[in-house]
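Here is a short briefing to read with the structure open beside you. Take the bullets in any order you like.

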Amino acid sequence: MDIPIYYYALSVIIGAAVWFWRKSWSSGLLAAYLFFILTETVLIRKIGVTTGFRPELFWSWKVPGLRSEIYANILLFIPVGILLGVKRGWKGIPIATGISLIIELIQLVSRRGLFEFDDILHNTIGVVMGFGIVCLYRKVKRNVV
């Protein structure tokens, strides 16, 4: 697949702009990473290759060949959970779930992906894992200091 590098450069530029504008490293990283996710899940995809709506929950768990996609969705959103956990605490979980829903809707409307409730679930699992890392870090830091 021929991936336009300018999407990734734009991700860095967006992150740097938000970092300087908000005076917050976590906001800049979050903006850059969210644009990276948008690039990976929508912008670099061809229109109409895999499209539609898959409302059945847990359907992807029944297909052995989709395990790597399940793990990729979880791993993709762990940094979102970390960054939103730093910025918003537990309130970052529903925010990130909303972001995942928006991505799925963009995929459906733009015909650049399959809208799946499973993806939203897997992304949210990644967010919760990322938030758990933040909580664990804060607990360890509290006990060490």
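The notes below cover one helix, a pair of helices and one residue. Please keep in mind that this is a predicted model.

**Helix α3**
- Helix α3 runs over residues 67-88, which makes 22 residues.
- From its first C-alpha to its last, α3 reaches 31 Å, close to the 32 Å expected at 1.5 Å a residue.
- There is a bend of about 25° in α3 at Phe77, and the proline Pro79 follows within four residues.
- Many side chains to look for here are buried: Ile70, Asn73, Ile74, Leu76, Phe77, Ile78, Val80, Gly81, Leu83, Leu84 and Gly85.
- The cover over the buried residues of α3 includes α2 (25-43), α4 (92-110) and α5 (117-144).
- Just after α3 comes Gly89, with a positive phi of about 70°.

**Helices α4 and α5**
- The axes of α4 and α5 are 9 Å apart, and the two helices pack at an angle of about 150°.
- An angle over 145 degrees counts as roughly antiparallel, so α4 and α5 are roughly antiparallel to each other.
- The crossing of α4 past α5 is right-handed.
- On the α4 side, the residues that meet α5 include Gly92, Ala96, Ser100 and Glu104.
- Their partners in α5 include Ile120, Asn123, Val127 and Phe131.

**Asn123**
- Asn123 sits in helix α5.
- With a relative accessible area of 5%, Asn123 falls under the 20% cut-off and is therefore buried.
- Leaving aside residues up to four places away in sequence, Asn123 touches Asn73, Phe77 and Ser100.
- Of these, Asn73 and Phe77 are among the buried residues of α3, and Phe77 is where α3 bends.

Technical notes. Residues numbered from 1 in each chain as written. Predicted model: local features only at pLDDT ≥ 70, side-chain atom pairs only at ≥ 80, totals over all residues. Heavy atoms only, no water. Expected span 1.5 Å × (residues − 1). Bend = angle between axes of the 7 residues up to and from the residue. Buried < 20%, exposed > 50% of the residue type's maximum accessible area, 1.4 Å probe, protein only. Contact = heavy atoms within 4.5 Å. Axes fitted to C-alpha atoms, helices over the stretch in contact; angles between N-to-C directions. Parallel < 35°, antiparallel > 145°, perpendicular 65-115°, else oblique. Left-handed = near helix turned anticlockwise from the far one by under 90°.
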